[in-house]
Amino acid sequence: MNIHSTALAPDAPAPGLPELADVDLLRTLVETERRRRRLDAAMRAAVAEAERRGLAADTGYRDTAELLTDLLRISAYEARRRIEYAAPQPRSRPRKKWRVLAAAS
């Protein structure tokens, strides 16, 4: 590795971005966010499926958090956060319906 490389510098611009026209940079922002959301959804689905299958126990881990910590090299906090985020969230009724139900009783 070149000791003068900026590849690992957190404040270094991504290659090619400084040369982009404004409209192309805006498109890059939108496309990058779209890809990030798709990857995030794929990770949530994979974590939820691993949890549903009990994959941790089947592979010798104490729980899914331990499996993710080891497999993905993330912190235990981050692993628990991903598991919680992947869990199905109960859907509540919109407030409007609650008002209608309260008025009817």
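The exposed surface of the protein chain comes to about 9,200 Å², and carbon and sulfur atoms supply 58% of that area. I should say at once that this is a predicted model, and that every value I quote is computed from it. Of the 105 residues in the chain, 11% are buried. The secondary structure consists of five helices and zero strands, so to speak of the fold here is to speak of the pattern α-α-α-α-α along the sequence. Among contacts with a separation of 6 or more, 27% join residues that lie 24 or more positions apart.

Let me turn to helix α4, which spans residues 76-86, and in which E78, A79, I83 and A86 are buried. These four lie on the same side of α4, because they cover an arc of only 140° around the axis. The general background is that an α-helix has 3.6 residues a turn, so residues three or four places apart point the same way. On the other side of α4, by contrast, Y77 and E84 are exposed.

What do the buried residues of α4 pack against? They pack against α1, residues 22-53, and against α3, residues 64-72.

For the first of these partners, the axes of α1 and α4 are 8 Å apart and meet at an angle of about 90°, and the two helices are therefore roughly perpendicular to each other. On the α1 side the contact involves D40, M43, R44, V47, A48 and E51, which meet R82, I83, Y85 and A86 in α4. By class, the residues of this contact divide into six nonpolar and four charged, with no polar ones. I83 and A86, then, are both buried in α4 and part of the contact with α1.

Terms used:
Residues numbered from 1 in each chain as written. Predicted model: local features only at pLDDT ≥ 70, side-chain atom pairs only at ≥ 80, totals over all residues. Heavy atoms only, no water. Buried < 20%, exposed > 50% of the residue type's maximum accessible area, 1.4 Å probe, protein only. Arc of directions from axis to C-beta. Contact = heavy atoms within 4.5 Å. Axes fitted to C-alpha atoms, helices over the stretch in contact; angles between N-to-C directions. Parallel < 35°, antiparallel > 145°, perpendicular 65-115°, else oblique. Nonpolar A, V, L, I, M, F, W, Y, C, P; charged D, E, K, R; others polar. Areas by Shrake-Rupley, 256 points an atom, 1.4 Å probe, with all protein chains shown as cover.
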